[in-house]
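Here are some friendly notes to read with the structure open beside you. Take the points in order, and find each residue as you go.

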Amino acid sequence: QVQLEESGGGLVQAGGSLRLSCTASARAFSNYAMAWFRQAPGKEREFVAVISPTGGTYYSDYTDSRFTVSRDNVKNMVYLQMNNLKPEDTAVYYCAQGPVVATSESQYVSWGQGTQVTVSS
């Protein structure tokens, strides 16, 4: 069973930055796509960004070049750098691992517990 653990969430003022991290326990980490999703209160979980095993990236439109996903296949880590944060970015952020690059959460087989990001206005 793959274990994913997110960290780096917190409270930040609008316009600020946070860097989320996710560590994975699995072997062959470099073979998997790693994604970030988020879930705001009262809303469904939604796709944020994904990075392929070779480093290709894809983002949801609302990230508007403010977010950057990256990975370190030696350390089994994936990161989400979030800049110019807005109150509407407030959510629990989850990392997920799956065999293919996808925006649908159904394609991801392992999930972390999430880390809370709160952006104050």
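With which side chain does the side chain of Y93 make a polar contact? Keep that in mind for point 2, and remember throughout that this is a predicted model.

1. Let's begin by placing Y93. You will find it in strand 9, which covers residues 91-98. Its relative accessible area is 0%, and since anything under 20% counts as buried, Y93 is buried.

2. Now for the opening question. The partner is R38: its side chain makes a polar contact with the side chain of Y93, at 2.9 Å. The side chain of Y93 also has a polar atom lying 2.6 Å from the backbone oxygen of D89. So that you do not mix up two arginines, note that R27 is 23 Å from Y93, C-alpha to C-alpha, with their positions 66 residues apart in sequence.

3. Look next at what surrounds Y93. Setting aside residues up to four places away in sequence, Y93 touches E6, L20, W36, F37, R38, V48, F67, L80, M82, G114, T115 and V117. R38 from point 2 is on this list too.

4. Which residues have the most contacts inside the largest nonpolar core? They are W36, L80, M82 and Y93, in a core of 24 residues. Two or more residues come from each of these elements: strand 3 (18-24), strand 4 (33-39), strand 5 (46-51), strand 7 (67-72), strand 8 (77-82), strand 9 and strand 11 (115-120). Strand 3 gives the most, with 4 residues.

5. L80 deserves a look of its own. Leaving aside neighbours within four places in sequence, L80 is in contact with L18, R19, L20, W36, V48, A49, F67, T68, V69 and Y93. Apart from the largest core lies another core of 8 residues, among them A33, F37, F47 and A102.

6. How many disulfides are there? The count comes to 1. C22 and C95 form it, with their sulfur atoms 1.9 Å apart. This pair links distant parts of the chain, as C22 is in strand 3 and C95 is in strand 9, 73 residues apart. The torsion about the S-S bond is about 45°, so the disulfide is right-handed.

7. Are the two cysteines buried or exposed? C22 is buried, with a relative accessible area of 1%. C95 also counts as buried, at 0% relative accessibility.

8. Please move on to the loop between strand 6 (57-59) and strand 7, where R66 is found. R66 counts as buried because its relative accessibility is 7%, under the 20% cut-off. Not counting residues up to four places away in sequence, R66 touches Q81, M82, N83, N84, L85, K86 and D89. Two of these names have come up before: M82 is among the residues with the most contacts inside the largest core, and the backbone oxygen of D89 lies 2.6 Å from a polar atom of the Y93 side chain.

9. Finally, check the backbone in this loop. Most residues other than glycine have a negative phi. D64, in the loop between strand 6 and strand 7, has a positive phi near 50°. S65, placed in the loop between strand 6 and strand 7, has a positive phi near 65°. D64 counts as exposed at 53% relative accessibility, and S65 counts as exposed at 74%.

Terms used: Residues numbered from 1 in each chain as written. Predicted model: local features only at pLDDT ≥ 70, side-chain atom pairs only at ≥ 80, totals over all residues. Heavy atoms only, no water. Buried < 20%, exposed > 50% of the residue type's maximum accessible area, 1.4 Å probe, protein only. Contact = heavy atoms within 4.5 Å. Polar contact = N/O pair within 3.5 Å; in protein donor to acceptor, adjacent residues only side chain to side chain. Core = buried A, V, L, I, M, F, W, Y, C linked by side-chain atoms within 4.5 Å. Disulfide = S-S within 2.5 Å.
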